[in-house]
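Please work through the exercises below with the structure open beside you, and try each task before reading its solution.

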Amino acid sequence: MVNPAQSAAAASSFGTAPSELDSSRKTIAGNFDTFLSILTTQLKHQNPLDPLDTNQFTSQMVEFTGVEQQLKTNEFLETLIATNQQNFTSQAVSYIGKEVTAFSNQADLKGGNATWTYGMTEDAAEATITIKNSAGAVVFTEKKPLDGGENDYTWDGKTSDGAIAPEGKYSITIDAINANGGKINNYTMTSGVVQTVDFAGQEPILVVNGTKVELSAVAKVGLPA
């Protein structure tokens, strides 16, 4: 006859989800069979004068079935996530050799020019444009009106004191106001050909002309000019 203490301990364990999902998948069927075996054995050998509370076992079995369904749901979600990650990876690799435009305030100064695409909801009566080098030092600043919509801004590589800035990465900041002095929200983008893709982090990183851009920041993609 099955020891009631052992059966109670075994039955109580079925109501708790194991800490390791992988091991749960391997043992879930065996545990379920063991539970049914314990239940059947106790029902066969129960004392007629003191019958077992079958409602308790039924409740435990229902609870265990709920846990099993939850584990299967988790397994399905993990499979779905893995599939999406594979698709995400394939999508990122397909960008290599393509020209992309991505949200970023960085651009490369090369051949005497660095170009950003900026976007504003309205015309700016005055915009303060600040360009910094990779060390964060301001190398150029100017104030000028800017047209609303999406336009390009090209810097000729000359610093505020007239010197020629070395080639490399530079960032831009635009502080714009309208005719009433109200601040205008804006965004900047950079364009270039994707050279490589970095999968070291949680999200694929596209390397565009040496600048790292998150895949989710890409706004446009096309063939190189």
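The exercises that follow concern a predicted model, and they go from the whole chain to a pocket and then to one residue.

**Exercise 1.** Describe the make-up of the chain and state what share of its residues is buried.

Solution. Begin with the secondary structure, where the chain has 3 helices and 12 strands. Next, turn to burial: of the 225 residues in the chain, 30% are buried. Then consider the surface, since the chain exposes about 13,600 Å², with 52% of it supplied by carbon and sulfur atoms. Finally, among contacts with a separation of 6 or more, 67% are between residues 24 or more positions apart.

**Exercise 2.** Find which strands each supply at least two residues of the lining of the largest pocket.

Solution. First locate the pocket, which holds about 290 Å³ of space and has 16 lining residues, with D108, T115, T190, S191 and N209 nearest its centre. Then go through the strands: strand 2 (106-109), strand 3 (114-120) and strand 9 (186-198) each give at least two residues to the lining. Sorted by class, the lining comprises 5 nonpolar, 8 polar and 3 charged residues.

**Exercise 3.** Decide whether S104 is buried or exposed, and describe its surroundings.

Solution. Start with its position, in the loop between strand 1 (99-103) and strand 2. The relative accessibility of S104 is 14%, and the cut-off for burial is under 20%, so S104 counts as buried. Now look for partners: a polar atom of the S104 side chain lies 3.1 Å from the backbone nitrogen of Q106. Beyond its neighbours within four places in sequence, S104 is in contact with W116, T188, M189 and T190, and T190 also appears among the residues nearest the centre of the largest pocket.

Conventions: Residues numbered from 1 in each chain as written. Predicted model: local features only at pLDDT ≥ 70, side-chain atom pairs only at ≥ 80, totals over all residues. Heavy atoms only, no water. 1 Å grid on protein atoms, 1.4 Å probe; cavity = no way out; pocket = protein on both sides within 12 Å on 5 of 7 lines; lining within 4 Å. Points joined across faces, edges and corners; volume = space filled by probe spheres on them. Helix = DSSP H or I, 4+ residues; strand = E, 2+ residues; numbered from the N terminus. Nonpolar A, V, L, I, M, F, W, Y, C, P; charged D, E, K, R; others polar. Buried < 20%, exposed > 50% of the residue type's maximum accessible area, 1.4 Å probe, protein only. Contact = heavy atoms within 4.5 Å. Areas by Shrake-Rupley, 256 points an atom, 1.4 Å probe, with all protein chains shown as cover. Polar contact = N/O pair within 3.5 Å; in protein donor to acceptor, adjacent residues only side chain to side chain.
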